[in-house]
Amino acid sequence: MKKQVLLSGIASAALLTISSAHAQDATEEAVSVVGEVITVTSERREADLQDVAVAVSAYTSERRETLGILTTQDIARLTPGMSYSEFPNRVFLRGVGRFLNTPGSDPGVATYADGVYTSEASVIGLSSLFVERVEVLRGPQGTLYGRNSIGGAVNVVSRRPSDEQEFEFRQTLGNYGTSITEAALSVPLSDAARMRVAGSSNRHDGYIRNDAGADQAQADVRFYEVQLEADLSDDLDVWVRYYGSVADSTPTTGIQIDPYETATYFGSSSLLPSPTFGYAGANPAATDAFTVSHDYDGQYRLDDQHAVTAAVTYEFDGIRMRYTGGWQTYDFFQDSDFDRSSRVSYPAFGIGPVVEAGRIETITEDKEFSSHELNLSSTGDGPMQWITGLYYYEENTEQSYDIASPNQAQLGTLLNSFTLAPTGVANPALNYVDLGAELESTSWAAFGQIDYDLTPQWRLTAGLRYTSDEKHGRETLQYMLWAPFVAGSLGYGPSAPAVEGAFASCCALDATPSLTGQGPNVRDVSGEWDGFSGRIGLQWRPDDDTLVYGGVSQGYKSGGFNLYAFTPAVAEEQLIAWEVGLKQTIGDTLQVNASAFLYDYQDLQIPVQVLSGPVVRDNFINADEARSAGLELEVIWAPSPNLEFYGTYSYLNSEFTDFCCTVDLANAAAGAQDLDGATMPQSPEHKFNLTALYRFGFDAGDLNIVGSYSYVGDQYFSPFNTERYLSPGSGQVDWRAVWESASGHYDLVGYIRNATDEVAYNGLEIGSADSGFARRVTLNPPRTYGIELRVRY
């Protein structure tokens, strides 16, 4: 089936281009994309992509618009070795990323927006109206990018104000009620100053059908920005950007694709009776992942997101001094139907108190952070180029995680689990899980790198960075237990079935594992970590079309803790990477970039689950060692001025080599498992993309026909390599037609994305014991289609 999809998606494009070759001659102005200069700043100075001795993929705004590279997921599909989980917002490169998103843990791939570090990967997929270029740097980038770039870095570069007045308007209409409106205006304020104002509104109806409420995955997102840029003198430039966004959507996550668990009344890790015990209703998502039955719609809101970024550049005596800094804040709120059903209630065993089946999961986060860097770099033409600098980062985060049974009134009155006396602790939200976290984090670093031309063909690169991290956190934890007709309070307090039976209608037990059994546990935790990262490499350029490079680099990622779990801090991660690569241009028709790498990965920070009394708690540990090895290939072939092929492929062998011993609660009978040899999460072995473009030339303009097929192989979302955690390999076929007017003033686009309507997961987790450890997934969108008009002057 997969071969048939590939043939229909790509071979059909080739047949179309061949059969149409007689319809219209190519325009004389057509220029091959091979040899096209793509300027990147991956080495903190502007250079041609083909001259940079780093495995980097670059996506310009023009290429994204033509080929239909619209989202973070699109960039991940096309980039060798990259994977992205939309929720909970995780980027992996070559098997290195983050396995936990709670405060106190950090990404393994650094994201920079105009040089300012951010832990939010969603900025990668910002519209090309706002973004000039996205650069994905694979491998440790600790020397120049530092903070948590142990797996790589993603550079997002904004479109800047222009010297001439420019206006652009875009309108997209599509199925699921899609309406995307975007506009940008750039105006010169004087000969030395200019301004850019831009904004967008992105709305669509839900594409996950809900037979008991509002459709899920509905979106309403608005984004806006203002930029000012000024040349204060021949040597001094200043640029400032403000941007913000708001979102009011319904959740896209946690689609339970297994049948409801109806045989378990009270699971080994439960706090309340199962919402689906004895339920006769069927879970529609078990047969159609795009249909659910949720009686609580839920919300996904982003409020008060505001960000300011500034860059000041001053040149003197062959030296460029540059300050880059930024500040950002936002409030995030999400709640969703935790029971994943439309069941209302049922009497316990048909005779007891009413068990309310509705359960709501809520996550909130208030975050504020700032990033500052001051660097000095050489600007001369001599054999040695250098850069050195200082960096500082500060973050303050407050996060909460709650699960409530909003109609289970018994949760409002809590008994001490030891004395059975009322605790007096208020629980107005009727939560049975109530977790909170506060984090203050700071990081500073000093770095430097030298590039020295040994000969006109050979260049040596050496760099070093020292980083120091400090984190202070507070965590709160409280569990509430209501278990009618379950004796013994599951290990807490006296064996008191009378309390849980006859008195169940009045109250619940405070089941917080603490000395008093009253109120939340509170713990303050702190940690300090430091480490060196660096790079030494050699590159050989025998001619203008060939670059061969190799080297070794070391990456560092700060230690941390899982604020929610009352677990010890984890140590910092360390990674040694060996890499060789080739960048080759052959005439005007072929460009080949290839790389091979071997990683020795130490002290991976891995969340595991443990059973603590009646509840499952997350633990956070260091897995001793892992290894990754792989090959990556990027090819552009232009056999004629009007025909282009883009291809990428990656092979990744990423596995734990020393990781023992931990228990999979979904397979507790297996006991503590030795995971040596297990594939690391979000590390598909095979991944490839093939895109074909044919350009028809007419007097009135050009018509580009684009066909694309992407495939991502099987990948696990847990260190346990079982079917329960497996996301099967999937492919995606996209079609696109782009009309570009000869005047350049307007374009008209028609598109079909995921043309074969394939079901694919970009996230997977499992539920609790009373759900039967059911799989819950985040889906890629189904088939979408529409048209887009672009107007520019």
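These exercises, each with a worked solution, walk through some features of the structure above.

The model is predicted, so to speak of a local feature takes pLDDT of at least 70 and a side-chain atom pair counts only at pLDDT 80 or more, while totals for chains, interfaces and linings use all residues. Residues are numbered from 1 along each chain as its sequence is written, and side-chain values use heavy atoms, with hydrogens and water left out.

**Exercise 1. The disulfide**

Task: Find which cysteines the disulfide joins, and describe the link and the peptide bond there.

Solution:
- Step 1. Begin with the term: a disulfide is a pair of cysteine sulfur atoms within 2.5 Å. The structure holds one of them.
- Step 2. Locate the partners: C660 is joined to C661, with 1.8 Å from S to S.
- Step 3. Look along the S-S bond: the angle about it is 60°, and the link of C660 and C661 is right-handed.
- Step 4. Turn to the backbone: the peptide bond from C660 to C661 is cis, with omega near 10°. For context, most peptide bonds are trans.
- Step 5. Place C661: it belongs to strand β34 (residues 660-662). Strands (E, at least two residues) and helices (H or I, at least four) are DSSP runs, numbered from the N terminus.
- Step 6. Judge the exposure. Buried means under 20% relative accessible area, exposed over 50%, and partly exposed in between (1.4 Å probe, protein chains only). C660 has 44% and is partly exposed; C661, at 48%, is also partly exposed.

**Exercise 2. The largest pocket**

Task: Describe the volume of the largest pocket and the residues of its lining.

Solution:
- Step 1. Fix the terms. On a 1 Å grid over the protein atoms alone, a pocket is an open set of points with protein on both sides within 12 Å along at least five of seven lines, whereas a cavity is a set where a 1.4 Å probe fits but cannot get out; lining residues have an atom within 4 Å of a point. Grid points are joined across faces, edges and corners, and a volume is the space filled by probe spheres set on the points.
- Step 2. Read the volume: about 1100 Å³ for the largest pocket.
- Step 3. Go to the lining: it has 34 residues, and T41, E46, V157, R160 and R322 lie nearest the pocket centre.
- Step 4. Find the strands: among those that each supply at least two lining residues are β8 (131-138), β18 (299-316) and β19 (319-337).
- Step 5. Sort by character: eight of the lining residues are nonpolar, nine polar and 17 charged. Here Ala, Val, Leu, Ile, Met, Phe, Trp, Tyr, Cys and Pro count as nonpolar, Asp, Glu, Lys and Arg as charged, and the others, Gly among them, as polar.

**Exercise 3. Aromatic rings**

Task: Classify the pair of Y300 and F332 and the pair of W529 and F561, then look for charges over rings.

Solution:
- Step 1. Set the rule: rings of Phe, Tyr and Trp (its six-membered ring) pair if their centres lie within 6.5 Å; planes under 30 degrees apart count as stacked, over 60 as edge-to-face and the rest as tilted. The structure holds 27 aromatic pairs.
- Step 2. Take Y300 and F332: with 5.2 Å centre to centre and 75° between the planes, this pair is edge-to-face. It links distant parts of the chain, Y300 in strand β18 and F332 in strand β19, 32 residues apart. Y300 is partly exposed at 32%, while F332 is buried at 15%.
- Step 3. Take W529 and F561: 6.1 Å centre to centre and 50° between the planes make a tilted pair. W529 lies in strand β28 (residues 521-543) and F561 in the loop between β29 (546-557) and β30 (573-586), so the pair ties together parts 32 residues apart in sequence. W529 is buried at 9%, and F561 is buried at 0%.
- Step 4. Look for a cluster: Y112, Y117, F369 and Y393 form one.
- Step 5. Check for charges. A charge sits over a ring if NZ of Lys or CZ of Arg is within 6 Å of the ring centre and within 35 degrees of the ring normal. The charged end of R301 sits over the ring of F333, 4.5 Å from its centre, and that of R776 over the ring of F338, at 5.4 Å.
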